[in-house]
Amino acid sequence: MTYRTAAFCALLLLGACSPGNDAKAPPPKLFEEQRDTLDKAKTVNSAQQQQDEEQRKAIEKQTQ
């Protein structure tokens with residue numbers, strides 16, 4: 001009987017915590033600035049790798 005009572009109380013507690021109108025609001029944009037900075041760093045990294053590869057090819061061409 002105590003398990004049934006505990007289960008019933010848990011269901012009531014969970015039911016009281018159900019989302020209301022706040023659930024329809026858009027989620028907050030957490031760490032948006034950090035994500036943008038990371039994306040910019042990735043593009044800079046790929047550009048730098050391409051430049052390094054071109055420089056390496058130019059050096060190899062000069063040494064031959």
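A residue is called buried under 20% relative accessible area, exposed over 50%, and partly exposed in between. The exercises below apply this to a predicted model.

**Exercise 1. How many helices and strands does the protein chain have, and what share of its residues is buried?**

Step 1. Take the secondary structure. The protein chain has two helices and zero strands.

Step 2. Turn to burial. Of the 64 residues in the protein chain, 0% are buried.

Step 3. Look at the surface. The accessible surface is about 6700 Å². Carbon and sulfur atoms account for 58% of that surface.

**Exercise 2. Find the salt bridge, then classify Glu 53 and Arg 56 by exposure**.

Step 1. Count. The chain has one salt bridge.

Step 2. Name the partners. The side chains of Glu 53 and Arg 56 form it, at 3.1 Å from N to O. That is within the 4 Å limit for a salt bridge.

Step 3. Place them. Both sit in helix H2, three residues apart, so about one helical turn separates them.

Step 4. Classify. Glu 53 has a relative accessible area of 35%, so Glu 53 is partly exposed. Arg 56 has 45%, so Arg 56 is partly exposed too.

**Exercise 3. Which residues form the negative surface patch?**

Step 1. List the members. They are Glu 32, Glu 33, Asp 36 and Asp 39.

Step 2. Place one of them. Asp 39 lies in helix H2, which covers residues 32–63.

Step 3. Check its exposure. Asp 39 has a relative accessible area of 42%, so Asp 39 is partly exposed. Patch members need over 30%.

**Exercise 4. What is the sign of phi at Phe 31, and where is Phe 31 placed?**

Step 1. Read the angle. Phe 31 has a positive phi of about 55°, yet is not a glycine.

Step 2. Recall the usual case. Most residues other than glycine have a negative phi.

Step 3. Locate the residue. Phe 31 is in the loop between helix H1 (2–16) and H2.

Step 4. Classify. Phe 31 has 59% relative accessibility, so Phe 31 counts as exposed.

Methods
Residues are numbered from 1 along each chain as its sequence is written. This is a predicted model: local features need pLDDT of at least 70, side-chain atom pairs count only at pLDDT 80 or more; totals for chains, interfaces and linings use all residues. Side-chain values use heavy atoms; hydrogens and water are left out. Patches are made of residues with over 30% relative accessible area and no salt bridge: like charges are joined within 9 Å, nonpolar side chains (Val, Leu, Ile, Met, Phe, Trp, Tyr) within 5 Å. Accessible areas come from the Shrake-Rupley method with a 1.4 Å probe; for residues, only the protein chains shown count as cover. Lys and Arg count as positive and Asp and Glu as negative; His and the chain ends are not counted. The place of a charge is taken as NZ of Lys, CZ of Arg, CG of Asp or CD of Glu. Helices (H or I, at least four residues) and strands (E, at least two) are DSSP runs, numbered from the N terminus. Buried means under 20% relative accessible area, exposed over 50%, partly exposed in between (1.4 Å probe, protein chains only).
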